[in-house]
Amino acid sequence: MIEGRRIQIRGTVQGVGFRPWVFRLATEEGIAGRVRNDTSGVTIDAFGASPALDAFLARLGGPVPPAASVRDLTFEEIPAEDADRFSIVESDSAGERAISIPPDLATCPECLAEVFDPANPRFQYAFTNCTHCGPRFTIATGVPYDRPATTMTRFSMCGSCRREYESVLDRRFHAQPNACPACGPSLVLTTSSGETFGNGNPIAAAARALKDGLIVAIKGLGGFHLACDAGSPVAVARLRRRKHRDEKPFAVMVESLQAARRIARIDGEEERLLTSVEAPIVLLQRLEDAPLAPEIAPANPLVGLFLPYTPLHHLLLARFGGPLVMTSGNVSDEPMACGNDEALEKLHDIADLFLLHDREIATRADDSVVRVIGGRTTVLRRSRGYVPRAVPVARAFDRPVLACGAQLKNTFCIGVRDSAYLGAHIGDLENLASYRSYEEAIDRMEKFLSVHPEVIAHDLHPDYLSTLYADARPEETKVAVQHHHAHVASAMAEHGLEGPVIGVAYDGTGYGTDGTAWGGEVLVARLADFQRLGTFRPIPLAGGDVAIRQVWRIALALVDDAFSGSPPLDEIPLFRGIPKTEVELVRRMAAGRIAAPLARGVGRYFDGIGALVLGRDAATYEGQVALAWNLAADPDEGGAYPYELERNGLATLDLAPLVRAVLTDLADGRAASTISGRFHNTIALATRELVRIAAAKAGRLPVVLTGGCFQNALLAKRIVGLLEPEFRVYRHGEIPPGDGGIALGQALVADAVARGEGR
Ligand code: ZN
Ligand code: ZN
Ligand code: FE
């Protein structure tokens, strides 16, 4: 008795060898019928005896090909057909479509074995890939995802590659970037003026140059890296100098997991991340005796490691035989270079040599960055390997939404039907080059999704470039979303929470509904609206954003405030190094509120107290002192400082008592690690009190923790530890807690507001 079933599978199932896998299962189970890609995934019409169909379904629900992931599998009975075999039919591209382009995938074990097998035709071939691995998103130029719509279109497959591509049972069946040395892209090593350097093997020559301490710009998957010998203090210092990058840590690529273990402590989840197809940079605890130049991450116990994710990287690392600094190939705050000419033009003062190739990068994608925080994987920068994977949302978007994001570490989000698509990391939207890159990325994503947004969401800040972009869009419906509300909504989206929730949103700064800078906020939020129930008492910051680098100004504002204008500045070592006239000027600015906007970011407290206790007057990048202050903490410290809480109306946390107590501890010669531990404990205790106040008004709702401060592992752990006995607590996972995740929240808020759900 032959029966029929139509099986629909959604998830990452296109361009990852899913249909050939289905074909093999069907053949093995004696199932006839067909499989095809459709607009939202894969549809299978299966015909066979009932037990065979059951077995087939069970296997479809089991382990899938390495790069695939199934979000949803449904089936229904259909009339039996008289089919005698199983086949793969061409894509059905009619109708609206979900994105069919998968993220880029790290080299699979089979391809790797071929690249290192002298007998294989792809021996040492840097562009080897198959259905399970290789470039995807970064080479796509259109949809449907097919060779002519990629930058591989200029290479025509040789007979042997074509046979692999067309054979259902081959690992390279429909692998769009399939190539071999005879027909595919090739490498060249050049000088900074573009002349070919050395003769013979470019990878071997590049490895030798790196050994000699030179800096090599390397064209990778989503853009250029700048590489140098990670074991050489001279080389690393030279790269820092040429890149004008004072202390921001460099990421390090290591040849293998074993090599990574010589540098950092790696637990099970961290190992899984390092070896995953996404191959992100994983922030790890560095070992004391790690064979790395200290200049890689000065005064920082963490190190960002990643494994090679293309054959080019594998070959280079194997030749070089040690860890390499691999940092974004960009100048100052511009986007990473991704074209050969662009790299030669922009990086010629930094790199000595250029390892180039002729497979174009269509869309830029920086390396993603992840960290395991309190046992939970948290994506801090979601880019290569993750983009453009759909984020499922609990309630389908009413109309397509484009959310423009914020300013720093920005990206955008397009919401359509039941999915949200975050773009690749753009960086800080503060210069023309970033802005152009942002516009292009939005255009391309709209094209990939064949979507015309009808609702435009943007940050409430009137001066952000993303807001100006939103203003210039032709669509009529625009929704301004408060920054911290968007953070909270992004955490809600990640966990499918409809609200209301109690949202704890801690970050550096975000524009408030009252026009002041918010940054330590406890909200009761639904998607459409929110009520602000708790905050930090604001402090006037002389010079505004200038204080983000000159953190001594924040420290000064805190002590001035804590001692009502007569602080014991002479007793504080930090201020001894700063000219008296400058201190007085800044105090006058703050007192007179001259160019001294009010700020209340929790991140600013980390900056200010960190500056005070660590004696650091300046940060070379935003958040540097805050991070140092976080990492200084003794995690076993149990003490805490006093604080005050004003409970009338908006609950307002006053940390002046903490500032005074910190100064007493400092004067008593207490260790920075103890003071930092107590500081963290205090913020956590105060947070619990703010959350309890919100719960007393709004009920014991689920709590979401969001905002850049939750990249701080200790703070997150402390707050979760205190809240969990009383509340259901949610943290970020695949969506960054910082501003890189904010566009997702904006999209959901705008959808709810556009439906008229707001108060
Ligand atoms: Zn492969
Ligand atoms: Zn070929
Ligand atoms: Fe923020």
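## Exercise 1: Around helix α11

The cover over the buried residues of α11 includes β18, β19, β20 and α12. This is a predicted model. Task: find which residues of α11 are buried, and describe the helix itself.

Solution.
- Step 1. Locate the helix. α11 spans residues 432–449, 18 residues in total.
- Step 2. Check its length. From first C-alpha to last, α11 reaches 26 Å, close to the 26 Å expected at 1.5 Å a residue.
- Step 3. List the buried residues. They are S434, Y435, S437, Y438, A441, I442, M445, E446, F448 and L449.
- Step 4. Look at the spacing. An α-helix has 3.6 residues a turn, so residues three or four places apart point the same way.
- Step 5. Move to the loop that joins α11 to β21, where S450 is found. S450 has a positive phi of about 45°, although it is not a glycine. With a relative accessible area of 42%, S450 is partly exposed.

## Exercise 2: The six-stranded sheet

Task: work out the order of the six strands in the open sheet, and say which strands stand at its edges.

Solution.
- Step 1. Read the order. The strands run β17-β20-β19-β18-β21-β22, with mixed pairing.
- Step 2. Take the edges. β17 (391–392) and β22 (477–481) each have a single partner strand, so one side of each is left without a neighbour in the sheet.
- Step 3. Zoom in on one pair. β19 (residues 413–416) and β20 (residues 419–422) run antiparallel and are joined by four bridges. C413 has L422 as its bridge partner in β20.
- Step 4. Inspect the loop between β19 and β20. R417 sits there. R417 has a positive phi of about 50° without being a glycine. Its relative accessible area is 30%, so R417 is partly exposed.
- Step 5. Add the helix. α12 (residues 465–472) lies across β18 (401–403), β21 (455–459) and β22, and runs at about 155° to β21.

## Exercise 3: Two zinc sites

Task: name the donors of the zinc ion (ligand 1) and of the zinc ion (ligand 2). Then explain why each arrangement is tetrahedral.

Solution.
- Step 1. Start with ligand 1. C108, C111, C130 and C133 coordinate this zinc ion through their SG atoms, at 2.3 to 2.4 Å.
- Step 2. Test the angles. Four donors count as tetrahedral if all angles lie between 85 and 135 degrees. Around ligand 1 the angles are 102 to 121°, which makes the arrangement tetrahedral.
- Step 3. Go to ligand 2. Its protein donors are the SG atoms of C158, C161, C180 and C183, lying 2.2 to 2.3 Å from the zinc ion.
- Step 4. Repeat the test. The four donor atoms of ligand 2 subtend angles of 104 to 115°, so this arrangement is tetrahedral.
- Step 5. Write down the spacing along the chain. The donors of ligand 1 follow C-x2-C-x18-C-x2-C. The donors of ligand 2 follow C-x2-C-x18-C-x2-C.
- Step 6. Check burial. At ligand 1, C130 and C133 are buried. At ligand 2, C158 and C161 are buried.

## Exercise 4: An enclosed strand

Task: explain why strand β14 is described as largely enclosed, and find how it pairs with β6 and β7.

Solution.
- Step 1. Count the buried residues. In β14 (residues 353–357) five of the five are buried, so the strand is largely enclosed by the rest of the structure.
- Step 2. Sort the directions. L353, L355 and H357 point one way, while F354 and L356 point the other way. In a regular strand the side chains alternate between the two faces of the sheet.
- Step 3. Pair β14 with β6 (residues 187–191). The pairing is antiparallel, over five bridges. T191 has L353 as its bridge partner.
- Step 4. Pair β14 with β7 (residues 216–219). These strands run parallel and share three bridges. I218 stands opposite L355.

## Exercise 5: Cis bonds and a buried serine

Task: locate the cis peptide bonds at P388 and P500, then describe the surroundings of S676.

Solution.
- Step 1. Recall the usual case. Most peptide bonds are trans.
- Step 2. Take V387 and P388. Their bond is cis, with omega about 5°. P388 is in the loop between β16 (376–381) and β17.
- Step 3. Take G499 and P500. Their bond is cis, with omega about 0°. P500 lies in the loop between α13 (483–494) and β23 (501–511).
- Step 4. Turn to S676, in helix α21 (residues 672–698). Its relative accessible area is 0%, so S676 is buried.
- Step 5. List its contacts. Leaving out residues up to four places away in sequence, S676 touches W629, N630, A632 and A633.

Note on methods: Residues are numbered from 1 along each chain as its sequence is written. Chains are lettered from A and ligands numbered from 1 in the order in which they are written. This is a predicted model: local features need pLDDT of at least 70, side-chain atom pairs count only at pLDDT 80 or more; totals for chains, interfaces and linings use all residues. Side-chain values use heavy atoms; hydrogens and water are left out. Donors are N, O and S atoms within 2.8 Å of the metal (3.2 Å for Na, K and Ca); water is not among the atoms, so sites may look incomplete. Four donors count as tetrahedral if all angles lie between 85 and 135 degrees; four count as square planar and six as octahedral if opposite donors are over 155 degrees apart and all others between 65 and 115; anything else is irregular. Buried means under 20% relative accessible area, exposed over 50%, partly exposed in between (1.4 Å probe, protein chains only). Two strands pair if DSSP finds at least two bridges between them. Helices (H or I, at least four residues) and strands (E, at least two) are DSSP runs, numbered from the N terminus. Contact means heavy atoms within 4.5 Å. Axes are lines fitted to C-alpha atoms, for helices over the stretch in contact, and angles run from 0 to 180 degrees between N-to-C directions. The expected span of a helix is 1.5 Å times one less than its number of residues.
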